[in-house]
Structure formats: structure tokens, C-alpha cells
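Colleague: I am new to this structure and should like to go through it with you. May we look at it together?

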Amino acid sequence: MKLLSLRATPLGLNTGVILIGCLLLIAFFGESLAPHDPNKMDLIRRLEGMSWTYPLGTDHLGRDVLSRLMSGTFLSLGAAVMTAISILFIAVPIGLISAMVGGVVNHLLMRITDIFLAFPMIIFSLVIIGFLGASLNSAIIGVALAWWPSLARLVYTLTTDALAKDFVLASRQCGIGPVKLVIRHILPQILPPLFVVMSLEMASILLVLSSLSFLGIGAQPPEAEWGAMLNEARPFFTERPGLLLAPGLLISLAVMGFNLLGEGIRHKLDNRSPFRW
Amino acid sequence: MVDTPLFKLNHLTICQQGKDQNPIIDDVSFSLNQGQRLGLIGRSGCGKSVTSHAIMDILRPPLVRKQGQAILQGQDLFTLSAAEKRRIRGQGMFCIFQSPGSALHPALTIKQQMIEIATVIEQDQTTIINAVEYAFDRMQLPIRCLTQYPHHLSGGMKQRVLMAMALLLKPTLLIADEPTTGLDVLTEQDVLKAMEIMLEETQSACLFISHDIRIVKRVCNDLLVMKDGKIVDRCTRDELTYRERAETTREIIDAMKVA
Amino acid sequence: MRNFILQRMATAIPTLLGMSMLGFFMVALTPGDPVEMELRRLGVIFTADQIAALRQEYGLDQPIFKRYIDWLIRLLHLDMGQSIASGRSVLEEFKTHLPLTITLATLSLAFSIVLSALFGITAALTRSQALGNFVQFFSIFLVSIPSFWLALLLLFIFALSLQWISLLGSGAWYDLVLPVLTLSLGSAATMGRLMRDRILAVMSEDYIRLAIVKGLSPTLILRRHIMKSILPPLVTNWAVTFGALLGGSVIVENIFNLPGLGQMALQAVFERDFAILQAYLLFMGLIFFVSNFIADLLNYWLTPHFREQSGSQGGTE
Amino acid sequence: MSAFTRTLRAGSIAIACCLLPLSSSAIAEESTHLRIAVKKDRYSVDAKKFSFTTRRPSAQIVETAVKPDANFKPQGVLFKDWDYKNGVYSINVRESIKFHDGSDFNAKAAIAALKLYDQGKSDFLQIDQTSFEQTGPYSFTFKSEIGSALVIENMTHRGASLFSTAGDRSQNPIGTGPYLLEDYQPKQSITLKQNDNYWGEKPAIEKISYRFIADDQVRLLALKNNEVDVIAEVTPQMMLALPKDGSIVVHQSRPIRYVALLANMHGKAPFDTMQDKRVREAIAYAINRPQLAEILFDGRGEVAKGILPNWMFDLGDDHVDGFAYDPDKAGALLDEAGWVLGENGTRTKDGRPLKLRLVAAYPNVSSVRPMPELLEQMFRSIGIEIDLIQVDDSGVYDDTYLATGEADLYMEFASNNNTDPTYLLYNLFHSKTPWGYQFTAPGKTVDALLEKARAAQSREEIIDYVRKAHRSIVQDELAAIPILMVPNFNLSRPGMEIPMFEHADWIDYGRVTVK
């Protein structure tokens, strides 16, 4: 059965794995592999096209675009990972507590979740940035604060399902402590589906973070974050469209990688079989 | 008449996609005559329901048909186009499945689900309403059920709604796939009674699938016994004596006795 | 029905109050004194007394809790204060900016729904493996393109290269073509994927099997049996998407130079235009609440079978 | 597959068909209609918020009493002449001027207009309201509330335009200017049409439209796309992105805006490094100003000796010396201060690395970029590590970095755009700075000089003190490290003459000529 579904979606999942794999390689070794110092300015050779020295040309300050893209991979992906971790850090405890304690606490926590859920993500980040000033850190905090409610709800649902299982009920009746219960029975059940969701969420997080940087309220130049590079390249859009194409394509590929990976895994776990006529 | 049976299933073989060994259904053949009631018994998971799906040609992936013919009144169903198959379904063949709980659409009223049959049997609104009311009367269902949603009805009632559908469709071949599973003994009696009435009226040939030999004996004259996707025994109701039968048949009869 | 509405209203009140509180305090506590910032922009000399007088005029000298209560009370008269930057009342500012954003979001939602139905139904029902894979892949591709990047590309192609449309907009309906396209492609793909999943899930249900054996035509099965079952979650999804589109319009408004709510909010953050921001956050909360409420009502009506089973939830899982 | 591709194709054709008719709507060029792109809608004439009002576009409708002349001295517009003696201002207003509604502009109307300012709380003129005295049909007197000799200077601000008290200012402002309000779409555009009965020389342009385009990039593209004629707010990034083919022309004024680093003079550790004057001087010598001037602003910026332009108020620049680019001297100064170059290229003192926090925020990030990055490189080359913070938010800038003193250097791109000579120096460098620059104010010497300047009763005396304060700030104390002096820029397509002025409010767009 497993083999079968693997074969049913080989292309998508494999493409996703390969894309993510390549990006991870670049993220960890990109800085050292990059042909130039990503922040080295060559003020004489500004806005140059492709050449052997500068494979993707130079930006408005004469920095090598390829090197910046490569060294920016770690920052861009790292920021998304950090955001994902922060989201889980808020969402998992709240979802768990809500489901396990129940009653008033559950009600209160879910109301708070509702309240946070109501504000649009970008505006939330904007307000946070109003506190901390525009930087990648504030973008991460803003996005995490706006994002945790949906995940908290998911954790809540998963935990409630897990709690309803017979063996969990049984061990609960045996008087096992809540912490032990969570570690031994709940987490093993909720983590796998959570990771599938997080893989899909990673795609959206990457998109949102790069949008914020593009708007000038996320990562700030000279940081070589992809969205920030796009922001910097925007004035030179008509002169050197390539400056805009390369980071945009890279973002799309990274997002697509996570989407394909998430969809692929989900497809594998999905064993519905629809009727046909 | 005797030479060309109403329905004939030839060498049906079903496998999982990509795995040709260990077919789920292995070279199954049988035939049914006008008005004949054929019982198909076997333990759960032996392939009875898959057979019924295969005959209706609604197998779900990863199951695929490797070979076989299903000839209804001289036409091989498996070679027909989608549109032609649709024309056969309903009036040519109909199937009452197990688990009546999920068989009816939860968000449509019983009336809506009955009346849409008009599009299949090409009747106008008033005729179909009359026909539906008649069928409900025959199935001893209260008319008020019509305006209700499936979750208001008991399991037995839902099964009788399905019988009423069959009554409207008057299929040439009716497959009843464990229609009494999950019902209590009293309801079971009602459903079987309703089915008796329905079959009498529609004069359909019936393939009755069950794991319960007691019920099969009550409904059917002829029996097929299935094990691991193969027909292991064929007999009439009267031939069903303990000693001479195949091992599977004996096991089933044994199981009955214990129960 | 009435009970359901009343119940929803009752649960809404604490949520709305919470929203207003979060929105108000989040904004009011941000660093930066709007008066000082405005004065410096003005470029003239002020004395400390004058600055104090201005602060008093905007009520910024009051303790924050009092400001919140005052704000709530004034809200009841639809008085949301005045924008420090423009001097106009917040209501006026909303009247100026809201229509565009609402139009944008509504058109995008409508277009997304149509497009997602096309994607979703094709991907779910096609028998051709190739077409199914193509639609799947295409929708993942669409989801993966950053909307701001897409907007820039569209702008480059249609406004700069082909010069079919003007950059600044001419006030006509076609100004909205590119923004709507930008906003809807991504959400259409997401919604299409959801639709496909839902259709496939419904098609594995026993009642679809019955519909097939009944000999019903595929169009009837699709229109009636499948639609009836997939609509409730989709409606909920549409409500959420509508809120997201409203909020997400910031980027396209920025790129296509449309004077909508998003632009207003973005500018308000930088100018510390507290009154505008507070009203905006409250408004977004309200929109979120109202669209979800409408979705719940629709679902209540669409899922008669859930009504009695779980009255309070109204079938919004 | 085919069905789907067919749908797609049909869809794209349908969209194309919808769009095609638009291509014909190329913008009809009306030679006497000038379309100007500005960043934000600052037009607002709401009667209640009168104080915060009358920004750039409305300046064409309502005129001021005086305007800055070429030396930024007040020059009469609606006031014919004025005199200040013993705390009393005596004014003669220009005769035979009519408001748009046909009523006479005279001493009475002028007093009424000036009194309007007291109703708004942000009355920066600070006229003693009880002191108005009409001395003739076209003459009157008043006093300053605070005994200031600079009231007339402050009247060159567009915010002090003289309105008629008739009618609803928010709907239809009545002034004496060369243009009338025709149409106002908040946050989108404002259109003015010529006033046929204008008292002065009639402008050449019949209609002026201001388009509000928040995004710098879109402003530039709109000019390229022939959707506007002039860009009035130009950022360094835009100047870097100018096409090389001459399709866009730069118009410039004399240099007026300064780029400078303000040093934190009173910070607590770790932001106390700049208290050492040698470090401040090292920074001043480490900046390659000629290179910056060449790269940035299309080569039109100038190396700066101070933060006030030499032509302004007849200041001259003999009173300041400036700093040359001398990295060796910078290094020597740092060595002398105890910051020793380490192996990794960073200087250290007592184990503490020389790491300076440079905040670039004013007026906003997009208008200073990429200067901070360029400076960062220059400082790095003499062994100073820079923690670069770019905040595009003046609120955060003010509260997080300025008010707390939690940075070493503050990069600012601003100007003295007021005819009050004390305006910039007082607001920025007096210890009682109303704008929150306590940490960069050098202290007592400068405070005293500025207070004397503000109290002085003759313009010559004022300017003399301003020179002394200026030298103290940019040379002796070195609280502000000057970098560049930059003109005010406008962009247009070729063939257009714009009568540029240093202060954007006073560019007379009515007199733009088109070849």
C-alpha cells in the first residue's frame, strides 16, 4: 500500500525533497562557496549584466548578486524556521493546555485565540514593528504572534482526538501524571500530523516574511535576505529587471519546495479512495 | 431461456494495482436467471463486497479488474461507455449496500432523494410522487418520513427506504450487499419482509450477499460460498447438509450453530 | 434559528471587546509621540507649552485606561476621533478608502471562487492522470509565487512594456484588473486545492456510491450531492479568505498605487496616527467576525442535519 | 488536457480583449496642464485643524505675507513692507489685492487672517492677539507674545498663509493666490485651475494637478510612462536608478540639505565612545566625501564643511574649516585615543571592540539609502565595526534611539528650510531641544550662543551668533559630522524648465515652461 502511493506521486514529492535539499546545502555552504564577498561593493561596476566575474550581474552598489543570493539563503530559510519554531512554541502549550484542562481555561484560551485570529497578519506585524522598529526580528515576532492561533486550534483538535483514544483513557485512569501523559502518549500522536502541516506552513511563512522585507519592514539592507534584496532592487526594475527576477525566482522555488514536500507527505498519508462513475 | 441466463459473470479477476499475484477475486463465475435469488456467503473480508462493486463497475483504486465479463441480457457491462453504463445502472442493476447509516445523503431530505429517481426512470413529478407514496406504503414506511432527513430515521427504516428505491427502479438485477448487518433481530425481520415484498413486486433477479447463513437460507434458493476470493462451493438451499459440504461451508454452518 | 443567532451574538461580545482592547492598547503603547512627529514634519519652532497643549487637544495626556473607555464611549456614536496627519475625522478617512478595498477584496474573492472551482473540479474529477497532475502542479506553482513579485511582473508587462493600462490608474474599472488578478491567483489556487480535497473526500462517501448505482447523471451528482456536502467547509474558508484578502491588500495597494485601506493603515503606522490604526484594527476584527458569522449562518442553512445534532456549533468544523 | 488548455486560452483571450481598448487611451498631452507627482497628501484645510494645514499644493491658492528671497531673507508678498522696533511690528500690506471671492485684501483682512492662527493650538507665530491695532486702511501693528524678533521670518512658512475668513475653508479655501481649487480627491490628487483675476503676473500654466504617489518607485515609473510631468520628491535611490539615455532630466536648486552624522555626546556605556573628541574627529577624517559626492545624487552633491549652506543668510563658509578625507590621520587619532588595531581588522581598547551603532532613520530610510551602507564600508576600513540600524519609522527612532541615547551615531538628511536663521540649530542642538535631541546637543557653549541668537534684536547680530554656534557644532565640538550638501531635486522629461528653489514649498510650478 505504501509503495503504491509513493509511486502515485513520485514527481511532486521528489521534486520537493530535491529543492529543499539543494536549498539546505546552499544555506549551510553557500557563504563559503560564494564567488565573492556578498557585501563587498565595487562602486565602479554597478548594475552590470551577467559576466564571468559576476554570473548574475551586480546590484546598484556593485555587489555580486549570485553571492548575495547564496549567502542570503541561510538568513531567509533560517528566519522562516525561527518563525515556525516560535509559532510552535506558543501554539503547542496553549493547544495542549486547552485540550487537557478543558472547562473555563479552554474557553478562555480559545477566546483569546479568536481575538488574535481576527487581525490580519501583515497589520499585526506592522504594529509590532511600530514597537521594535523594522528588522527581521520584529518581522519574525509579528508573524509568529499573528500566526499561532490557527496552529493552536489544530493542536487543540489533535490533542482532543488523541485524548479520546482508548489507551490514553486507560493510562489516564491509571493515574499517570499530565506531563508524563503528554510526553508518552499525546506528543507521539500529535507531532507527525503537526509536522506535515508545518511543512506547508513553512511555505506560507517564507512568503509572508519575504513580503514584509519587500515592503521594507522586515529584514533591512544590507542584509542579503531575499525579500530585502527585492526591495533594494525595486528602483532599478526597469534598468536591470534581472535584479528582481533572480531573488523572486528563488523565493518561488523555496516556497514551492515546501509546498510540494508538504503536499507529497499529506498525499502519502491520505488513504481515501473516491468512487468514480 | 434456460440457455441464455439473465446475468452471467465470467472469470472475474481483481487485483491490487501493480500486484498481479494474490488476486483479491480469483476467477469468479456464476449466472442468474430471471427471478432467481442467488445467495453469496462467506466470511468477512473474503471478497463478497468487492464482487458486488465489480459488477456495478465502481471499483475504487487501487483495485483493478484484471479480466472478466459481466453480461446482463446479452450486453457485456465492462465494455460499455460511461454513458451507457449509467443507463444500465438503476433500472438494469441496483445495489442495496450494507451500513444504511451512511448510504443516504445526510443533507438531503428523503423526499429529495426519492424524487431524483424520476430523472432515471423518466417520469413526471406527479407520477413519481404517487409512485413514491405507493412504495412507502408497500415498505410500511410512514409518509411523514419523506420530509425528514436521514438522521431522523432508524437503521431499519433507512434500509427500507433503499428497498423503496429499488421498488421504484424495478431493476433487472438487484444486488443486496449485507442489507441486515448491524440491525437487531426484530428490525431484521421487518427488513427481510420488506425485501420479500419488494422482490415479489419487481420480479428482479437477486444476488444476496451475506455472512449469515440463516438469513441466506431464508431468502435464497441457490447458494455460492466464497473463500479468499474464490467460489469454493455451490449448492441449492436443500442440498445444504452438513456432512457433504466443503470445509468453508461447514465452518460457516458451525459458526451459526455457536451463535 | 433565532436561538442560534442570539447565542452567537452572546459569544461575540467578549470576543469583540477583547479585540477592541488588544487593538487599542497595542497601538496606544507603541513608542513615538505623534504630536512631536507631526510638529517636526511641519518645520516650525514650537515651545514645550504648545506641545503640551496639542497633546491635551488629542487627549494624549490622559491615562491610557481612561483613553480606552472614552474611545469606547465615543465609538458608540461612531466617533472614532481624528487623524492627526490629515486632520480629517477617522470616519471620513474610512469613507475615502474603504470602497476601493472592499471592491478589491470582493472582486478578488468572487474571481478566486470561480477560478478555484475550475481548478478544484477539474483536478478532482478528471480521469486523465496528466491533466490532474498538471492542475495540481499548476496550483502549487501559483501558491508559491510571492504576490508582490507577481504584481511587479504584471506591472512590468502590462503597464510598462505593453502600456495597456496606466500605472497610476485612470479611475476606471480596469484599474482593478491587475490588482484583482494578483490577489486572486494565489488564493484561488489554495481554495482550489481545498475544493479538490473536499470533493475527493465526499466522493469516497457511501451516499455517492448509492447515487452512482441509482444511475443518476454525473452533473446531478456533482450539482446536488457533492456540492451540498462540500459547500459548508468552503463557505467557512471563503469567509476567512475574505478577511485575509482585505488584510493582504496592503501589498497590492502599495504596488499599484491604490488609495485603499491598506495604504491608509501602512501610512498610519509610520505617522503614529493612532486614531486611524485603532479604528482600522477594530474594523478588521469586525469584518472577521461578521464574515464568519455570515458563513455560520449559511452553514446553518446548508446543513439541516447538523442543526439538531450540534446546535451550538452550527456545523462549522 | 485539451479541455483545460482550451478554457485557459479562451480565458486569456477574454482578458486580453477586455484590456485592449485601453491601449488607445494614451495620455493626451495638454501643454498647459502640469502633472506633478508628490509623495503624500498633505493638503488639508479643515477649519478645525487649521494649524496643521495648508501644505504644498494649497500654497498656490492661498498666499503668505512674506516669502524667502534668494538668500532666505523674508521678501514681501502680501505685506508690502514691515518694521520692527521696540517689540512692535508695523506692517504695510500691499494695496489693490482681491481675494478670490472679490472682497478686498486690506489691513482688516490681514488681522482677521492672522487671528485665525490663535484658534489652532499649534500657533507657531506666537503673536500677542490683543496687540493688533489697525493704523490705516492698509497698515497695522502687533507684538510678539515672547518678544521675538523673528515673527516675520516664521511667516515665510506655508503654514502661515493668509486665508479669507469667508466661506468654508475645508470645501473651498479662499485666498489671493494665482490658482483656485478645482478638484480634490483625498490621497489621490488635487487639481488647481488658474485664477483669472490674479493681482500679480499671471502664471503660464493653466492647470496644475498634484498626484499623490506614496511609492518612490512608482513615481519614477509614472514619469517614464508619461503619466506625470514632474517628480517633486526625489530620493538617492531614484537618482541612482536614472536611465542613462537622457530620457529623464534632473533639475536642481543650490545645495541646501545636509547629510551628517550626529554624535552621541552624553551616552552611557556602551554608547559613550563618541564622547572622546578624537574618535569623532577620526570618523570625520574617515569619510571619503568626494567619492560619495560622485556616486550619490548623480554627482550633484557637494562636499560639506558644515550643515548650513554657505549662501544662506549670507553666512559664507569661512567660519568653518571642514574635514578632508585622511584615513591615516583617522587611524592615528584612534591609536592616540587608545583604540588599537587588532588582528581581525577591528580596533579594541581594554578588550572592548570598537563597535559603533549607527542609526539611519531621518527623514526615512528610503531617502537616505544607500548612504549608510557606503559609510559602513568606509568605517570598517579604518577598523571600526558598525552595527547598522535602519529604521523606517520616526516613532521608533525618536523613542528607542534618540530619547534613550542608545546609539553612537545618528545619520540625518535634513535642512534648514526656514528663514529663521536659528531654526535648525536651536531645534537640534540646544540642550532643551524640542525634538528630543538631548544626547547630541553639545552643551553649554552652544546653548548660550543659540540663546543669544534668538534673543538678538537685529538680523546681523542674529546671523553673527548663528555663525559662531554653527562653527562650534560642526568644528570645535564636532557634535555633527558634516558629509554632503545636497540640492533640492526635481525630475522631468527633457524640454521642461522648472524654476527650482531650495525649499520645495516655494517652487513656482505656475512658471514651468515647456518647449
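Modeller: Let us begin with a term: pLDDT is the predictor's confidence in each residue, from 0 to 100. This is a predicted model, in which local features need pLDDT of at least 70, side-chain atom pairs count only at pLDDT 80 or more, and totals for chains, interfaces and linings use all residues. Residues are numbered from 1 along each chain as its sequence is written, while chains are lettered from A and ligands numbered from 1 in the order in which they are written.

Colleague: Over which residues of chain A does pLDDT stay under 50?
Modeller: Chain A has a mean pLDDT of 84, and 95% of its residues reach 70 or more. Among its elements (helices, H or I, of at least four residues and strands, E, of at least two, being DSSP runs numbered from the N terminus), helix α3 (residues 65–101) of chain A has the highest mean pLDDT, 92, and helix α1 (residues 2–8) of chain A the lowest, 39. Where pLDDT is low, the predicted coordinates should not be read in detail. The stretch of chain A under 50 has six contacts beyond four places in sequence (a contact being two C-beta atoms, placed from the backbone, within 7 Å), and that stretch is residues 1–8.

Colleague: Which element gives the most to the side of chain A that touches chain C?
Modeller: Here 38 residues of chain A are in contact with 45 residues of chain C. Two or more residues each come from α4 (103–117), α5 (121–132), α8 (178–214) and α10 (242–269) of chain A. With nine residues, the element that gives the most is α10(A).

Colleague: How many residues on the side of chain A that touches chain C are nonpolar?
Modeller: Ala, Val, Leu, Ile, Met, Phe, Trp, Tyr, Cys and Pro count as nonpolar, Asp, Glu, Lys and Arg as charged, and the others, Gly among them, as polar. On that side of chain A, four residues are charged and nine polar, and the number of nonpolar residues is 25.

Colleague: Which pair of chains has the most contacts?
Modeller: Chain B and chain D do not touch, their nearest C-alpha atoms being 18 Å apart. Five pairs of chains touch, and the pair with the most contacts is C and D.

Colleague: At what angle do α5 and α6 of chain C pack?
Modeller: Axes are lines fitted to C-alpha atoms, for helices over the stretch in contact, and angles run from 0 to 180 degrees between N-to-C directions. For helix α5 (residues 90–125) and helix α6 (residues 129–144) of chain C, the axes are 8 Å apart and the angle is about 145°.

Colleague: Which residues of α5(C) make the contact with α6(C)?
Modeller: The residues of this contact divide into four nonpolar, four polar and no charged. From α6(C) come C:Leu131, C:Gly132, C:Val135, C:Gln136 and C:Ser139, and from α5(C) come C:Phe119, C:Thr122 and C:Ala123.

Colleague: Is C:Val90 buried or exposed?
Modeller: C:Val90 lies in helix α5 of chain C. Beyond four places in sequence, its contacts include C:Met80, C:Ala275 and C:Ala279; C:Ala275 is 185 residues away in sequence and 6.9 Å away in space, C-alpha to C-alpha. A residue is buried if 20 or more other C-beta atoms, placed from the backbone, lie within 10 Å of its own, exposed if 12 or fewer, and partly exposed in between. Because C:Val90 has 25 C-beta neighbours inside 10 Å, C:Val90 counts as buried.

Colleague: How many residues of helix α1 of chain B are buried?
Modeller: Helix α1(B) covers residues 48–56 and is mostly covered. Among its buried residues are B:Lys48, B:His53 and B:Met56. Of its nine residues, the number buried is seven.

Colleague: Which strands of the chain B sheet stand at the edges?
Modeller: The sheet is open, with four strands in the order β2-β1-β4-β5 (chain B) and antiparallel pairing; two strands pair if DSSP finds at least two bridges between them. Each edge strand has a single partner strand, so one side of each is left without a neighbour in the sheet; the edge strands are β2 (25–32) and β5 (75–76) of chain B.

Colleague: Which residue stands opposite D:Thr348?
Modeller: Chain D has an open, antiparallel sheet of three strands in the order β16-β17-β18. Strand β17 (residues 347–349) of chain D pairs with β18(D) over two bridges. Opposite D:Thr348, in β18(D), stands D:Pro353.
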